[in-house]
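Here are my notes from going through this model, as promised. They begin at the ligand and then move out to a helix and a few backbone oddities.

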Amino acid sequence: MLTRSKKLFQKAQKIIPGGVNSPVRAFKAVGGNPLFIRRGKGSRIEDVDGNTYVDYVCSWGPLILGHAHPAVVKAIQHAAKNGSSFGAPTEMELEMAQLIISAFPSIDMVRLVNSGTEACMSAIRMARAFTNRSKIVKFSGCYHGHADGLLVAAGSGAATLTIPASSGIPESCLGETIVLPFNDLQACTKLFSERGEEIAAVIVEPIPGNMGVVYPQDGFLKGLRRITRNYGSLLIFDEVISGFRVAWGGAQTLFNIAPDITCLGKIIGGGLPIGAYGGRREIMEQVAPLGGMYQAGTLSGNPVAVAAGIATLKTLKGSHGYGRLDRMGKLLCEGIRSAADRSTIPVRVEQCGSLFTIFFCETPPSCYEEVKNCDFEAFKRFFNGMLKEGVYLPPSPFETAFISLAHTKNDITMTIEAAGRVFAKMRN
Ligand SMILES: *Cc1c(COP(=O)(O)O)cnc(C)c1O
């Protein structure tokens, strides 16, 4: 008998491309049928067939408090009652800007947009406006949203050097984008020594999540800071995932590096659509109507999204939750590692606070080229095994999983036990 999820997916495929409104949701990498979700509460989600799962996707990062947190629901209801959009400034936008600026010492001014994609696209435009240069450098496996010039070697969908990760992108767009391997400071030094004066900005996920969690090697980010400064290029940290996730002030606080521009999204919208880009005052003064770089949005600073974001950030701050998130992350990942060891299946679990990825390989990958050598068939079997056990992991080997403050010790124990059973089955 067909499940309701299967029936809905069949219908959806006729009227929505691939049946989904964002590609990874289609479960293509794990060869299944996506679950249609009916509701979520705390760490759990329930599909339309009534099955419940411990959720480690958490809407791909925004839900650091878990699903339907009472403070966030209340803020959304209150804001919606007062009108959902005005296209005029509201006092709440100030509060949001203030929260972001106080968390990120490198940000003097901030502009709200509607998605992480818009934040990165605008950050690039601003860097070009400020430096009067056109070239940008990105790293393979880092994802910065789906703007044309950034959709090169962009994580899961991507191929090789300067080949777009998508059709429909003219070569002329990509001529301005230079792709380097992550963690390869030498390649970056060489590039800058040859054409540093043409480069407007280097954009990087300081802790990549879009090829799975990959650690920046000692000195890599500091090196990028030094090189860009020497050549008058800007350093853009895309902290759409890591902002307010790995620490209150993001990865830049953890590593004590001040980028020129920071991109934010995900958590700052508390589950509603939002993005932001901010940086040094002199750079942000490029943005219209103050400066000549145009960037706008009918729904930017949307009151409902901003209310959800403020409620999330305030609750997060009040919870002093980063210690807890890290402890839960360590507990879970240690448990999964031991379970994998017992099964002798080669597994590397990479974890940074509440972010983690289970790689099926011998050594922790340091760049996208190494991530691509992992055993994706093993991942697929693991994913589907875990799903049967009631654990919902990201349905792609190129993604980070997310733990929220709603996850309990019980959830973690249950997940470790499930992993043990799945690894044991995989060995047979
Ligand atoms: C999710 C993400 C984006 C894009 O954000 P959207 O809101 O999906 O447009 C950009 N950069 C990084 C690092 C992301 O993880």
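**Notes on the ligand site, H6 and some backbone outliers**

1. Before anything else: this is a predicted model, so please read every distance and angle below as computed from it. With that said, one polar contact to look at early on is asparagine 210, where an N or O atom of the side chain is 3.1 Å from an oxygen atom of the ligand.

2. Two further side chains belong in the same picture. Threonine 117 puts a polar side-chain atom 2.6 Å from an oxygen atom of the ligand, while aspartate 238 has a polar side-chain atom 2.7 Å from a ligand nitrogen atom. As for cover, the ligand taken alone exposes 380 Å², and the protein buries 83% of that.

3. Who else is around the ligand? The shell takes in Ser115, Gly116 and Thr117, then Tyr143, His144 and Gly145, and further along the chain Glu205, Asn210, Asp238, Val240, Ile241 and Lys266. Sorted by character, that shell has six polar residues, three nonpolar ones and three charged ones.

4. Threonine 117 deserves a second look. This residue is found in helix H4, and at a relative accessible area of 16% it counts as buried, the cut-off being under 20%. Setting aside neighbours within four places in sequence, threonine 117 is in contact with His144, Gly145, His146 and Ala147. Of these, His144 and Gly145 are also among the residues around the ligand.

5. Now to helix H6, residues 185–195. Which of its residues are buried? They are Cys188, Leu191 and Phe192. These three sit on the same side of H6, because the arc they cover around the axis is only 95 degrees. The other side of the helix carries exposed residues, namely Gln186, Lys190, Ser193 and Glu194.

6. What lies over the buried residues of H6? The cover includes three strands, E5 (135–139), E6 (177–180) and E7 (199–204), along with helix H7 (220–230).

7. Arginine 195 also lies in H6, but it is partly exposed, with a relative accessible area of 30%. Leaving out neighbours within four places in sequence, arginine 195 is in contact with Lys135 and Ile178. There is also a pairing with tyrosine 231 to note: 36 residues separate it from arginine 195 in sequence, yet the C-alpha to C-alpha distance is 9.4 Å.

8. On to the backbone, where two non-glycine residues have positive phi. Cysteine 58 has a phi of about 50 degrees and lies in the loop between strand E3 (52–55) and helix H2 (70–81). Asparagine 132 has phi near 60 degrees and is placed in the loop between helix H4 (116–131) and E5.

9. Are those two buried or exposed? Cysteine 58 is buried, with a relative accessible area of 1%, whereas asparagine 132 is exposed, at 73%. If you're checking the geometry by eye, bear in mind that the two sit in opposite surroundings by this criterion.

10. Last item: a cis peptide bond. The bond runs from alanine 288 to proline 289, and its omega is near 10 degrees. Proline 289 has its place in the loop between helix H9 (281–284) and helix H10 (303–319).

Terms used. Residues numbered from 1 in each chain as written. Predicted model: local features only at pLDDT ≥ 70, side-chain atom pairs only at ≥ 80, totals over all residues. Heavy atoms only, no water. Near = heavy atom within 4 Å. Polar contact = N/O pair within 3.5 Å; in protein donor to acceptor, adjacent residues only side chain to side chain. Areas by Shrake-Rupley, 256 points an atom, 1.4 Å probe, with all protein chains shown as cover. Nonpolar A, V, L, I, M, F, W, Y, C, P; charged D, E, K, R; others polar. Buried < 20%, exposed > 50% of the residue type's maximum accessible area, 1.4 Å probe, protein only. Helix = DSSP H or I, 4+ residues; strand = E, 2+ residues; numbered from the N terminus. Arc of directions from axis to C-beta. Contact = heavy atoms within 4.5 Å.
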